[in-house]
Amino acid sequence: MAKRIFIISFCILLTGLCGCGTNLIRSSYKATDVLVDQAVPPLIPQQPILIASFVNIDNLEESSTFGRTISEYVGSRLAQHNYKVVEMKLRKSVFMKKNAGEFLLSRDLKEISIRHNAQAIVVGTYALAKDIVYISARVISLADSTILSSYSYKLNLDRNTRQMLGVYY
């Protein structure tokens, strides 16, 4: 019983200290759930889905710890729902830029679909404002480049979020 109380207390303390992390996980999971629920046509669990790093809207070749973390949480959530997620870090058809994330080398989504036998890719952007970061996520069909679902949300910029974004003001 004492061990259980310690674990619960520790989790509450950790949640209080890491509010950003908890909110980022929760918001990324919610975004993923909405993307899956609203996808038309529905996503097929047995057919692969690719996940790209979320990028800075002002520079689509730039990501951050923040953008890479969101994509990690989206992939994790899809896997929790038994979707087949392709780990892009292990693939040669993506461009890996140090401290930037995974970017697709080819703009031809049909070619990528064939190469990975994937049905869709999850992509996203983020935009910084004074005290808020705006996030937009989309599921794009690799068969015809159409948007199957999208979801936009915002998070408050706290000290932890700023650090993940590389912003120190």
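**Figure 1. Asn56 is a buried residue of strand E2**. In this predicted model, the relative accessible area of Asn56 is 12%, which is below the 20% limit, so the residue counts as buried. Strand E2 covers residues 55–56. Apart from neighbours within four places in sequence, Asn56 has contacts with Glu62 and Tyr126. Tyr126 is also the bridge partner of Asn56 in strand E6. E2 and E6 run parallel to each other, with two bridges between them.

**Figure 2. Strand E6 pairs with E1, E2 and E7**. E6 spans residues 120–128, and seven of its nine residues are buried. With E1, the pairing is parallel and consists of three bridges; Ile49 has Ala120 of E6 as its bridge partner. With E2, the pairing is again parallel, over two bridges. With E7, the pairing is antiparallel and has nine bridges. Ala120 is bridged to Ser141 in E7, in addition to its bridge with Ile49. E6 and E7 are joined by a hairpin of three residues. In a regular strand, side chains point alternately to the two faces of the sheet.

**Figure 3. Phe66 and Tyr126 form an aromatic pair**. The whole structure contains two aromatic pairs. In the pair shown here, the ring centres of Phe66 and Tyr126 are 5.6 Å apart and the planes meet at 80°; the pair is therefore edge-to-face. Phe66 belongs to helix H3 and Tyr126 to strand E6, so the pair ties together parts of the chain 60 residues apart in sequence. Both Phe66 and Tyr126 are buried. Tyr126 is also in contact with Asn56, its bridge partner in E2.

**Figure 4. The largest nonpolar core contains 30 residues**. Leu43, Phe66, Val122 and Ile135 have the most contacts inside this core. At least two core residues come from each of the helices H2 (19–38), H3 (65–80) and H5 (159–165), and likewise from each of the strands E1 (49–51), E6 (120–128), E7 (132–141) and E8 (147–156). H2 gives the largest share, five residues. A second core is separate from this one and has eight residues, among them Ala52, Ile121, Val123 and Ile140.

**Figure 5. The surroundings of Ile135**. Ile135 is one of the residues with the most contacts inside the largest nonpolar core. With neighbours within four places in sequence set aside, Ile135 is in contact with Phe54, Phe66, Ile70, Thr125, Tyr126, Tyr151, Ser152, Tyr153 and Leu155. Phe66 and Tyr126, included in this list, are the two members of the edge-to-face pair in Figure 3.

**Figure 6. The whole chain, for orientation among the close-up views**. The chain has five helices and eight strands, in the order α-α-β-β-α-β-β-β-α-β-β-β-α from the N terminus. Of its 169 residues, 45% are buried. Among contacts with a separation of 6 or more, 64% are between residues 24 or more positions apart. The accessible surface amounts to about 10000 Å², with 57% belonging to carbon and sulfur atoms.

Technical notes:
Residues numbered from 1 in each chain as written. Predicted model: local features only at pLDDT ≥ 70, side-chain atom pairs only at ≥ 80, totals over all residues. Heavy atoms only, no water. Core = buried A, V, L, I, M, F, W, Y, C linked by side-chain atoms within 4.5 Å. Buried < 20%, exposed > 50% of the residue type's maximum accessible area, 1.4 Å probe, protein only. Helix = DSSP H or I, 4+ residues; strand = E, 2+ residues; numbered from the N terminus. Contact = heavy atoms within 4.5 Å. Areas by Shrake-Rupley, 256 points an atom, 1.4 Å probe, with all protein chains shown as cover. Pairing = 2+ DSSP bridges. Phe/Tyr/Trp six-rings, centres within 6.5 Å; stacked < 30°, edge-to-face > 60°.
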